[in-house]
Amino acid sequence: MNYISTRNKNIKVPSALAIKQGISEEGGLFVPDSIPSFSVEEISSMVKMNYRERAFFVLSKYLTDFSEKELRYCTDNAYTNEKFRSEKIAPVVELEKGFNILELWHGPTCAFKDMALQILPFFLTTSIKLTNEDKTVCILVATSGDTGKAALEGFSDVEGTNILVFYPELGVSNMQKLQMKTQEGNNVGVCAIKGNFDDAQSGVKKIFTDENIKNELEKRGYMFSSANSINFGRLCPQIVYYFSAYCDLLEEGKINPGEKINVVVPTGNFGNILAAYYAKLAGLPIDKLICASNKNKVLTDFINTGVYNKNREFFATSSPSMDILISSNLERLLFALYENDDKEIASLMKKLSEEGEYKVSSEVLEKLQQNFYGGYCDEEATLETIKYIFDKYGYTCDTHTAVAVKVYLDYKEKTNDETVSVIASTASPYKFPDNVLKAVAGENKETDDFKLLEKLSEETKTEIPNPIKELKNKKVRFDKVIEKSDMEEAVLDLLK
Ligand SMILES: *Cc1c(COP(=O)(O)O)cnc(C)c1O
């Protein structure tokens, strides 16, 4: 399998190059040039495998230039029980018949980003080897909170790499900030910017495509890559857990082979839900993909009207990792829906960057709505949902997961669709303890971050995950805040 760019499909590269580069030269995103297919029998054969074996099985159809030994090295080292606090890596919890939560946050940083960012460094070092690269790869990351920490943790002290993370100064939770500021490792850098996530993401994208800065770094022996979900190496590991969840449901007799399920995903940059769509294209029996947004509901409006319009007020919400108005991975979905029409995609993306808005054709809108349902959840309903789920099922969920649960419950009420559903749970409640405690206890006057954790633990009778508990004793290493216009300089500074 090769990878082509969404803006110029004549650009065709093997997966190792797509992963190493992160993004195509002209700004397009790499997508597979064909769709692998998994039969009902093949999917059933994965039931008896553990997560590492399932990951190998699925990924081997995407990273075809990796040898079996290379790929096994990646999957075996990424998804270990030392790194993940759940034997199953990504367990499915049933709250009620047909209502399942896929917990994706048992990794080292307690967010679903670990599912991809624990394996990406192995992909990347393998790709460096496969492409005979002699430069040091510098990973630039823009984060709305969770990617930053997960990428830092994954790449910390990985040989041949350097990583620099930009986050919006006021756009992440205290815990997320503390996780990043205390990151250990000799090849890491962290920098806050005065701006929001979209500013950070645009800044990083600009640096990627800037010839001058690229040449300067080449002279110094560096090349850029990305750990954001624009990198296909981030997306493909996310396809795996939808297959794995399906197998778990099969194993427990909750569905029959071939039976369709619905998948609900709290969405920001459209990476996680796109992975579910790719799983569906590859034969995983999925009916509806339910896209849940917070108050920044640009995707809900898009799915309902076919008009993508980012010219709107930006809200900082209690689910900060979804505070995004430019969902990068939508470009990949459009490429698929427009049947690989690269010219059309280039023109839509140009419109988006120049006018902040575009509209898809009526045929594309129809295909979009056949596959996707879009809904959103406001701030009040987010906390109410945490409380509702806690009271009804004794289950504690974070703010992002609550957004998805609320949209799922609304969808069910509206459609009476009884299809077995899997809701992607994207973060541990302990990453957002102030809001979760406020929701379950009714009020919260505690301001000390670590006392908050303890109160939340008492209130919900759940355990504080170790990586969060241990932050208390870590030293702050990074507290620089820069103007968003100074990002290039910060990069050049770090790579002296
Ligand atoms: C990143 C993130 C999301 C959004 O995922 P996308 O792939 O960007 O759509 C949702 N919830 C949490 C907790 C996240 O960290």
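I take a residue to be near a molecule if one of its heavy atoms lies within 4 Å of it. I also keep in mind that this is a predicted model.

Entry one, the ligand's surroundings. I looked up which residues lie around the ligand and found 15 of them, with Lys113, Asp146, Gly268, Asn269 and Thr426 coming nearest. When I sorted this shell by character, the residues divided into five nonpolar, eight polar and two charged.

Entry two, the polar contacts. I checked Lys113 and noted that one of its polar side-chain atoms lies 2.6 Å from an oxygen atom of the ligand. For Asn269 I found a polar backbone atom 2.8 Å from an oxygen atom of the ligand, and for Phe270 a polar backbone atom at 3.1 Å from a ligand oxygen. I then looked at how far the ligand is covered, and the protein takes up 98% of the 380 Å² of accessible area that the ligand has on its own. I also asked where the ligand sits, and I located it in the largest cavity.

Entry three, the salt bridges. I counted 29 salt bridges, and one that I followed up joins the side chains of Lys129 and Glu70, at 3.5 Å from N to O. Because Lys129 lies in helix H6 (residues 120-130) and Glu70 in helix H4 (residues 68-78), I note that this pair ties together parts that are 59 residues apart in sequence.

Terms used
Residues numbered from 1 in each chain as written. Predicted model: local features only at pLDDT ≥ 70, side-chain atom pairs only at ≥ 80, totals over all residues. Heavy atoms only, no water. Polar contact = N/O pair within 3.5 Å; in protein donor to acceptor, adjacent residues only side chain to side chain. Areas by Shrake-Rupley, 256 points an atom, 1.4 Å probe, with all protein chains shown as cover. 1 Å grid on protein atoms, 1.4 Å probe; cavity = no way out; pocket = protein on both sides within 12 Å on 5 of 7 lines; lining within 4 Å. Sits in = over half its atoms within 2 Å of the grid points. Nonpolar A, V, L, I, M, F, W, Y, C, P; charged D, E, K, R; others polar. Salt bridge = Lys/Arg side-chain N within 4 Å of Asp/Glu carboxyl O. Helix = DSSP H or I, 4+ residues; strand = E, 2+ residues; numbered from the N terminus.
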